[in-house]
Every structure is written in C-alpha cells, then in structure tokens.
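Thank you for making time for this. I would like to take you through one structure, moving from the whole chain to its interior and then to the ligand.

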Amino acid sequence: MAEPLLRVENLKTQFFTDAGTVRAVDGISFEVHEGEIVGLVGESGAGKSVASMSLLRLIESPGEIVGGEITYKGETIFGLEEGPDGDLQRRDDMLSNEEMRTRIRGNEIAVIFQDPMESLNPVFTVGGQLREFIELNRDLAKREAKREAIRMLREVGIPDPEQRYEEYPHQFSGGMRQRVLIAMALACEPSLIIADEPTTALDVTVEGQIIELVDDLQEKYGTSFIWVTHDMGVVAEICDRVNVMYLGEIVEQAPVDDLFHATKHPYTNALLNSMPRPDRTVEELDPIEGVMPEAISPPSGCRFHPRCPDAREVCQRVHPEAKVVDQADGHSHRAACVKHDVFDAGYDESVPLEAEPQVTAGTPGGGEDR
Ligand SMILES: Nc1ncnc2c1ncn2[C@@H]1O[C@H](COP(=O)(O)OP(=O)(O)OP(=O)(O)O)[C@@H](O)[C@H]1O
Ligand code: NI
C-alpha cells in the first residue's frame, strides 16, 4: 500500500494543570491515506479535539505534545530524539513554527470547527473574508481572488453567490455558515481537512445536506478528511475507516463496515447500542452505564473496565495496547481488549467483575436531543 498521507505514531499530549497532569491524548497511532475519510469518534472528553489540534501543532500552554511522531507527506510535523545529555529534544528535521503557519496550516491541512461564528468575523462580509483568505494564501490579485471566492461559494451550494458575497455572517443560517467554512477550508485545495464536529450544531436535515456536500466535494477534489464526531450515525454515513477513542486512547480501529458488523471492543459496542437507529424504538436505546472518568486519574488496567459489561478481574490489572485482531480489505482491524485470544492474558479463566452500580449518564456526548 502507498505511503500514507499522514502517519501518527504513539502521540501523547498532556495538560499540566494545578490539579495534576491531564493525559488528554495518551499514545494514539493511526494513518490517513490519500482520499480517505477517517473518523475519530468517542464521548465528550475522549481527546478527539486535542488530538486534532496536536496534528496542526496548535496546542497551547498549559498543554504540550510530549511524545510520539507525526509525519505528513514525508515531513516531520512532530518528532523527538535523544539529545547529547540524554534528554528528549525536538528533532532537527521537525518543521519550524514558521513553516507550519505558512506552508502547512490552511494550505496543506485545513480545519473546520463546529461553530462557524468563532471562525468568521462578524464585522466583515462573508465574501470579503473569503477573498482575503484566498489572497493571502494563494498569491492572487484582489480581483481574481474575488472571482475565486464567488466560485467557491457556488461550489459549496450557496445560492446567489454574487449577492451573498456582500452579506455578513449573521445574515447566513447555521447550515449556510458551515458551507462558507467548507469553502474556506477548500479554498487552498489542501490535501487534508480536519473537521471537528462540523455538523453537531445543525439540525438533522441540514446535517444530512452538509454530509452529502462533503461527500461530493471529497470525490471531486480527492481531499482526505479526519472527521471528528461523537455520532455513530454520522460515522456510518461518511467514514471509510474509523478510530474509536476512549480516555485518550484508540480502543478500536477498523474499516467502517467491520466496525459496525464485526465489532471487537465492548466500548464500540456500547456506543453502537446507545445510538438511535431506524430499526429500533427509542425505548430500546441502551445508554452506556456510568460516565467517562477524568483523564487526570484514569482507572487501572483497561480504562473502560469500570463500565464494561464484559469486564473480568484481569481487566483491572492489564492495560491493553490495541492489537490486530482481524484483517479486512487489506486493512487491519485493531482492538484494545484482552478478551481477544491474541492478548493471551488469561481472560477466559478470569473471574467476571460485578458491574458497579453507577450514576447513569445519557447517551454519549449529549446526543440525546437529536
Ligand atoms: N486547555 C486545557 N486544559 C486542561 N485540560 C484540557 C484542556 N483542553 C482539553 N483538556 C482536557 O483534555 C481532555 C480531552 O479533551 P478534548 O476536548 O480533546 O475532548 P473531545 O473528545 O474533543 O470532547 P468533545 O466531544 O466534548 O469535544 C479532556 O479531559 C479535557 O478536559
Ligand atoms: Ni472536541
């Protein structure tokens, strides 16, 4: 298989707070190949956004990437090596902050956030902002940049783009604003777009339209996506491959069909059971027991064991790294759960744990109102 566009290996990002060290991203590894839509899914606080921001090196104090490697098109976005005094230091070939700003962010890797109002300036027209962005990043003259901005607005399905070019963000609906952000993300024809819950604030119909638009544009431009969401329904619609995150770790990684139909991790199973589906009534929904613990003091052993219906005594002791448990479509299916034989951790002989009675949470990530 061709070299991936993006390779993330054992990435660790932590926040050093007064209350202690938050291990927000704790050793995740995944790849994005050209033209793929790769999902990053999990409950609120799992580390999805911190992982995304780490890829762009946008982590601010008290946060810091403390380990691992990020390679994009053969260049090192992040990497450490042992220095002369034995301490870890940033590698020589790591891209500089200047290169990240001018060459990578926006041009190579663009990002779309959940709330377009945070990314758009309310006091300038939508068209003006898009034009300026294109002018700055693509070295076009003002008139050409304007023509290009209007073309992009049309491309993302905004009706009357010449007219809407002159309007302000508040004159756009939520869905239309999100289309503007997609236009902005696409404007420099990046190879990778990171979309962090871009449809979460939208109603279901508009969400469906945006997803359809992204699917079309993805096909047309061949752009790769990292799609961050807590919604398994969205994952099913848009993703090729999926990474399921729990408390800073990737607990399952598989092509989308295998994730849904040959699920290997109890947490993924719980996410799927808590998801509304056309073939089940609301009463049949099965919220995941308990709430996700704080990343500051994760449980021993498997971090999911206190909430896991399959948990046995061994799960309190053994902390499983994701391992290949199956092969599908030339892609590995990985899971971090010792109930699989490859772990050889004595799961079969181990004593089942009583499910601890817990405060029950709603469905993950506040998905219940949708
Ligand atoms: N600036 C910060 N300071 C301290 N802790 C932080 C900071 N930013 C994030 N965290 C912690 O990092 C962990 C991961 O947060 P993150 O925002 O990545 O979760 P998420 O999966 O994106 O959740 P959501 O679905 O709510 O967006 C959480 O425990 C969060 O509290
Ligand atoms: Ni987030």
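What follows is a short walk through the model, in that order.

Let me say at the outset that this is a predicted model, and I will keep to what can be computed from it.

I will begin with the chain as a whole. It has 12 helices and 14 strands, and its C-alpha trace spans about 70 × 60 × 45 Å along the principal axes. The radius of gyration is 22 Å, which agrees with the value near 21 Å that a compact globule of 370 residues would have. Buried residues account for 42% of those 370. If we take the contacts between residues at least 6 apart in sequence, 64% of them join residues at least 24 apart.

Now to the interior. Which residues touch the most other members of the largest nonpolar core? They are Leu130, Ala183, Ala185, Trp227 and Val251, in a core that comprises 96 residues. Helix 7, which covers residues 174–186, contributes the largest share of this core, namely eight residues. Staying with Ala185, and setting aside its neighbours within four places in sequence, we find that alanine 185 is in contact with Ala110, Val111, Ile112, Pro190 and Ile193.

Some of those contacts lead us to the strands. Strand 8 takes in residues 109–112 and pairs with strand 9 in the parallel sense, over four bridges, with valine 111 standing opposite isoleucine 194 of strand 9. Strand 9 also pairs with strand 10, residues 224–229, again in the parallel sense and over five bridges; here isoleucine 193 has phenylalanine 225 of strand 10 as its bridge partner.

How many of the residues of strand 9 are buried? Five of the five, across residues 192–196, are buried, so strand 9 is largely enclosed by the rest of the structure. Both of its faces are covered, since Leu192, Ile194 and Asp196 on one side are buried, as are Ile193 and Ala195 on the other.

Let me turn to ligand 1. There are 17 residues around it, and those that come nearest are Ala24, Ser44, Lys48, Ser49 and Val50. By type, the shell divides into seven nonpolar residues, nine polar and one charged. Strand 1, strand 2 and helix 1 each supply at least two residues of this shell, and helix 1 gives the most, with three.

Those three elements deserve a closer look, and I will take the strands before the helix. Strand 1, residues 6–17, and strand 2, residues 20–32, form a hairpin with two residues between them. They run antiparallel and are joined by nine bridges, and within that pairing threonine 13 stands opposite valine 25 of strand 2.

As for helix 1, which runs over residues 48–55, seven of its eight residues are buried, so this helix is largely enclosed by the rest of the structure. The buried residues are Lys48, Val50, Ala51, Ser52, Met53, Ser54 and Leu55. Lys48 and Val50 are thus both buried and among the residues that come nearest to ligand 1. After helix 1 comes arginine 57, whose phi is positive, near 55°.

To draw this together, we have seen a 96-residue nonpolar core to which helix 7 gives the largest share, a strand 9 that pairs in parallel with strand 8 and with strand 10, and a ligand shell to which helix 1 gives the most residues. I am happy to take questions.

Conventions. Residues numbered from 1 in each chain as written. Chains lettered and ligands numbered in written order. Predicted model: local features only at pLDDT ≥ 70, side-chain atom pairs only at ≥ 80, totals over all residues. Near = placed C-beta within 6 Å. Nonpolar A, V, L, I, M, F, W, Y, C, P; charged D, E, K, R; others polar. Rg over C-alpha atoms; globule rule 2.2 N^0.38 Å. Buried ≥ 20, exposed ≤ 12 C-beta atoms within 10 Å, placed from the backbone. Contact = placed C-beta atoms within 7 Å. Core = buried A, V, L, I, M, F, W, Y, C linked by C-beta atoms within 7 Å. Pairing = 2+ DSSP bridges.
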